[in-house]
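Let's walk through this model together, from the overall fold down to single side chains. Keep the viewer open as you read.

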Amino acid sequence: MLATMVGLIVLCSLGTWQIFRLAEKTKMIASLEARMDMPPISLAEAVVKQANGEDIEYLPVKAEGRRDYTNSLAKITSFEGKPSWEVIIPFISDDGIFVLVDAGVSTSKTVVSSSDSNEILFGIIRLHKKGRGFFDNDNDEAGNTWYWWDLPAMQATAQAPPDAKIANFIIQKSLIPTTVNGEHPAQVELSNNHLGYAITWFGLAAALLAVAGFFARSLLLDRSRRDS
């Protein structure tokens, strides 16, 4: 029974901690979603803010410049359960800032330029700091097949002009075109599974309590039989 009490305390503590994490993560996601609705800043402002140590993830950005389709990159991804390519295109702003643009999901690895003229780009800032996952393959830079976000290597492969200022983040288009299923809006990509974790811990605590109850009941019945 002492071991059961210790186990219940540990399991209920873990479940309670997950409830607190659920509240924190829900608040964080709401804050980032509100940030995406803010007026866009310029690309130059975003570079300065990052250099000053400010949190710029999911801030809206507006920039005018030209895409470099000849040095586009392709990252393996999935969309609605289907294998796809995430198309990443270099962008040179009119004020000389080089940035990679997550232009959307495609069933084709190759990208064909529709225009060489300047365009106004609207998007949100993504840092992609997670790095390589445990099961991720090595990125194939020579074959232009990327399995995980390696921003320095991607920037080098995309061949930024030598006189350009490098933006150390990705711009994800606000409305992401996809040949898989039309366009879909950019969303906050932050996992929030803490409710499921809390239910698991509290469920294990309930199961432990039930097992201990049955065990205690069997002991009482055995003692009753011996006494009789």
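A good place to begin is His128, which counts as buried at 19% relative accessibility; here buried means under 20% relative accessible area, exposed over 50%, and partly exposed in between, with a 1.4 Å probe and protein chains only. His128 sits in the loop between E6 and H3. Those labels are DSSP runs numbered from the N terminus, helices being H or I runs of at least four residues and strands being E runs of at least two. The His128 side chain makes a polar contact with the side chain of Trp149 (3.5 Å). A polar contact is a pair of N or O atoms within 3.5 Å; within protein, one must be able to donate a hydrogen and the other to accept it, and residues adjacent in sequence count only if both atoms are side-chain atoms. Leaving aside residues up to four places away in sequence, His128 touches Glu57, Trp149 and Ile170, where contact means heavy atoms within 4.5 Å.

Before going further, a word on provenance. This is a predicted model, in which local features need pLDDT of at least 70 and side-chain atom pairs count only at pLDDT 80 or more, while totals for chains, interfaces and linings use all residues. Residues are numbered from 1 along each chain as its sequence is written, and side-chain values use heavy atoms, with hydrogens and water left out.

Now zoom out. The protein chain has four helices and nine strands, arranged along the sequence as α-β-α-β-β-β-β-β-α-β-β-β-α. Of its 228 residues, 38% count as buried. Among contacts with a separation of 6 or more, 65% are between residues 24 or more positions apart. The chain exposes about 13,600 Å², and carbon and sulfur atoms supply 59% of that area, as computed by the Shrake-Rupley method with a 1.4 Å probe; for residues, only the protein chains shown count as cover.

Next, turn to helix H2, residues 43-51, where Leu43, Ala46 and Val47 are buried. These residues lie on the same side of H2 because they cover an arc of only 100° around the axis, the arc being that of the directions from the helix axis to the C-beta atoms. The buried residues of H2 pack against several strands, including E2 (60-67), E4 (82-93), E5 (97-106) and E7 (165-173). Just after H2, Gly53 takes a positive phi of about 85°.

Which residues have a positive phi although they are not glycines? One is Tyr58, at about 75°, and another is Gln159, at about 55°. Tyr58 is in the loop between H2 and E2, and Gln159 is in the loop between helix H3 (151-157) and E7. Their surroundings can be read from the accessibilities: Tyr58 is buried, with a relative accessible area of 2%, whereas Gln159 counts as exposed at 53%.

Glu57, which His128 touches, brings us to the charged pairs. There are seven salt bridges, a salt bridge being a side-chain nitrogen of Lys or Arg within 4 Å of a carboxyl oxygen of Asp or Glu. Glu57 pairs with Arg126, with the closest N and O atoms 2.9 Å apart. This salt bridge links distant parts of the chain, 69 residues apart, with Glu57 in the loop between H2 and E2 and Arg126 in strand E6. Glu57 is buried at 15% relative accessibility, and Arg126 is buried at 6%.

Lys75 and Glu86 meet in another salt bridge, at 3.9 Å from N to O. Here strand E3 (residues 73-79) holds Lys75 and strand E4 holds Glu86, 11 residues apart. Both Lys75 and Glu86 are buried.

For a pair within one helix, look at Glu24 and Arg21, joined by a salt bridge of 2.8 Å from N to O. Both lie in helix H1 (residues 2-36), three residues apart, which is about one turn of the helix. Glu24 is partly exposed at 44%, and Arg21 is partly exposed at 23%.

Finally, visit the surface. Ile19, Leu195, Ile199 and Phe202 make a nonpolar patch of about 360 Å². Patches are made of residues with over 30% relative accessible area and no salt bridge, joining like charges within 9 Å and nonpolar side chains (Val, Leu, Ile, Met, Phe, Trp, Tyr) within 5 Å. Helix H4 (residues 194-227) provides the largest share of the nonpolar patch, three residues. Leu195 is found in H4 and is partly exposed, with a relative accessible area of 46%.
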